Amino acid sequence: METRAALLCRDCLARFAAAPGPRPRCRACGSPRVFGHAELDSLAIAHIDCDAFFAAIEKRDNPELADKPVIIGGGKRGVVSTACYIARTYGVRSAMPMFKALEACPDAVVIKPDIEKYSRIGRQIRSMMLDLTPAVEPVSIDEAFLDLSGTERLHGSAPAETLMRFARHVESELDLSVSMGLSYNKFLAKIASDLDKPRGFAVIGQAEVVPFLAGRPIGIIPGVGKVTQERLARDGLRLIADVQRLSDSDLARRYGEEGLRLARLARGEDRRPVKPERETKSISAETTFDEDIADPQRLAPILLRLSEKLALRLRKSGFSARGLTLKMKTSDFRTRTRARSGFPPTQLASRIFDIGREMLVRECDGARFRLIGIGASDLGPAEEADRGDLVDVTAPRDAGVERAIDRLREKFGGDAVMRGLVFGARAEREKH
Ligand code: TTP
Ligand code: MG
């Protein structure tokens, strides 16, 4: 994958011309971490992912752990969140049951996760990313896409060098390491960041993309999960090369729109832009559980409480919701979101709950959830909320009830009153 037009030292950022023969050490500082690639100066889409994130933070905060195998996990969850690279040499992996991890690595030091601390550090890293470009798209607590196009003048360096400087900065400021992938789109940048972990830097250029992807399993394509992989394997498609061999029309005939997407990605084409996190004014309420929950009967009352919170926040801030988003995080930290709109603007807990519950029930497919949240989107003015119409005569009445509850709450506090009253009102309505 490496042709050497110019060489760049990842430690001191010195740049020097490539010469024939084996890759030299840095002429300026002697480091062996010298990188070269023919397209290095023309690529601008990056994916950055921290190395063994939770474990690295704990090691940093307790130097006695430096040379020990460390596993983050346990607590009530009973699975490995992550393991440091030493523990990984024993076969310990994320999401492994803790007892298995300890069978594999009995000397491991087990530490309970401190998500609040990790989120704080995740935000620090994100703000350092935002110093490089406003186009930062966070993917999870420890990873993000960056679009560095057009930042050369600002930083006085090509994206590759800017990234290397960033990694050095994270190491010196936060004592944590990152791995980075650089390419010309998100799909390839993400694959690249995984190629050279930890403290990695890898590039995938246009010239090598087709042969590079050919040997990889189809499962590296986003959205191709286990079930899809099995289906494709039954049709004889296991490697990306197998997709590359088929024509677009063949793939479209077999798999419709999804077939065409596969065809494009198999050629390394991905037009998805890096979407910066927008500072939209959003109002939401969410909660993380002590233990994962799959049962919709248990999730519904939690959603009700969140709907009440959200409704109260809407009323307090003078907005109505014209759209609602249900967010659910599964036990393996994947986030699912479902959105609804097209209903009359509302500030009512009972309305929010009804709409939210409909989405919730559809998501309860056996997956275990660690968090649920409900958020208002497409905010409108409070005056538009719950005015009712010819067919909906109950909204104004419910709104009156909920506002009365707000007043009671201000006076007496507590939320038990509210739930009873909201349901009282609904039960009444359903009787009629
Ligand atoms: P990852 O980036 O997937 O893993 P990592 O940073 O620990 O290791 P790597 O060097 O391979 O990137 O996830 C980031 C953090 O998210 C991880 O430190 C712990 C947490 N996490 C879980 O709690 N459970 C999981 O199943 C996974 C995959 C991650
Ligand atoms: Mg990581």
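## Overall picture

Of the 432 residues in the protein, buried ones make up 46%. The model described here is a predicted one, and its fold contains 15 helices together with 15 strands. Taken along the principal axes, the C-alpha atoms fill a box of roughly 85 × 60 × 50 Å.

## The surroundings of ligand 1

Ligand 1 is surrounded by 14 residues, and the closest of these are Ala52, Thr82, Tyr85, Arg88 and Lys197. Sorted by character, the shell around ligand 1 consists of six nonpolar, three polar and five charged residues. Four elements each supply at least two residues of this shell, namely strand E4 (45–50), helix H1 (53–61), strand E6 (80–83) and helix H2 (85–88).

Three side chains place a polar atom beside an oxygen atom of ligand 1. For tyrosine 85, an N or O atom of the side chain is 2.5 Å from such an oxygen, while for arginine 88 a polar side-chain atom lies 2.7 Å from an oxygen atom of the ligand, and for lysine 197 the corresponding distance is 2.9 Å. Taken alone, ligand 1 exposes 560 Å², and the protein buries 81% of that area.

## The magnesium site

The magnesium ion, which is ligand 2, is coordinated by Asp49 through OD, by Cys50 through O and by Asp142 through OD, at 2.0 to 2.2 Å. Six donor atoms are found around the magnesium ion, and the arrangement is octahedral because the angles they subtend run from 78 to 178°. Along the chain, the donors of the magnesium ion follow the spacing D-C-x91-D.

Aspartate 49 belongs to strand E4, whereas aspartate 142 sits in the loop between strand E8 (136–140) and strand E9 (143–147), so the two aspartates tie together parts of the protein that are 93 residues apart in sequence. Both aspartate 49 and aspartate 142 are buried. Strand E4, which holds aspartate 49, is also one of the elements that supply at least two residues of the shell around ligand 1.

## The loop between H7 and E11

Lysine 197, whose side chain has a polar atom 2.9 Å from an oxygen atom of ligand 1, is joined to proline 198 by a cis peptide bond with an omega of about -15°. Proline 198 is found in the loop between helix H7 (186–193) and strand E11 (201–203).

Arginine 199 has its place in the loop between H7 and E11, and, although it is not a glycine, its phi is positive at about 55°. With a relative accessible area of 33%, arginine 199 is partly exposed.

## Leucine 13 and lysine 117

Leucine 13 likewise has a positive phi, of about 65°, although it is not a glycine. Leucine 13 is located in the loop between strand E1 (6–9) and strand E2 (15–17). Its relative accessibility is 11%, and leucine 13 therefore counts as buried, the limit being under 20%.

Lysine 117 has its place in helix H4, which spans residues 115–130, and this lysine is buried, with a relative accessible area of 15%. The side chain of lysine 117 is joined to that of aspartate 61 by a polar contact of 2.9 Å. Helix H1 (53–61), whose range includes position 61, is among the elements that supply at least two residues of the shell around ligand 1.

Note on methods: Residues are numbered from 1 along each chain as its sequence is written. Chains are lettered from A and ligands numbered from 1 in the order in which they are written. This is a predicted model: local features need pLDDT of at least 70, side-chain atom pairs count only at pLDDT 80 or more; totals for chains, interfaces and linings use all residues. Side-chain values use heavy atoms; hydrogens and water are left out. A residue is near a molecule or strand if one of its heavy atoms lies within 4 Å of it. A polar contact is a pair of N or O atoms within 3.5 Å; within protein, one must be able to donate a hydrogen and the other to accept it, and residues adjacent in sequence count only if both atoms are side-chain atoms. Accessible areas come from the Shrake-Rupley method with a 1.4 Å probe; for residues, only the protein chains shown count as cover. Ala, Val, Leu, Ile, Met, Phe, Trp, Tyr, Cys and Pro count as nonpolar, Asp, Glu, Lys and Arg as charged, and the others, Gly among them, as polar. Donors are N, O and S atoms within 2.8 Å of the metal (3.2 Å for Na, K and Ca); water is not among the atoms, so sites may look incomplete. Four donors count as tetrahedral if all angles lie between 85 and 135 degrees; four count as square planar and six as octahedral if opposite donors are over 155 degrees apart and all others between 65 and 115; anything else is irregular. Buried means under 20% relative accessible area, exposed over 50%, partly exposed in between (1.4 Å probe, protein chains only).
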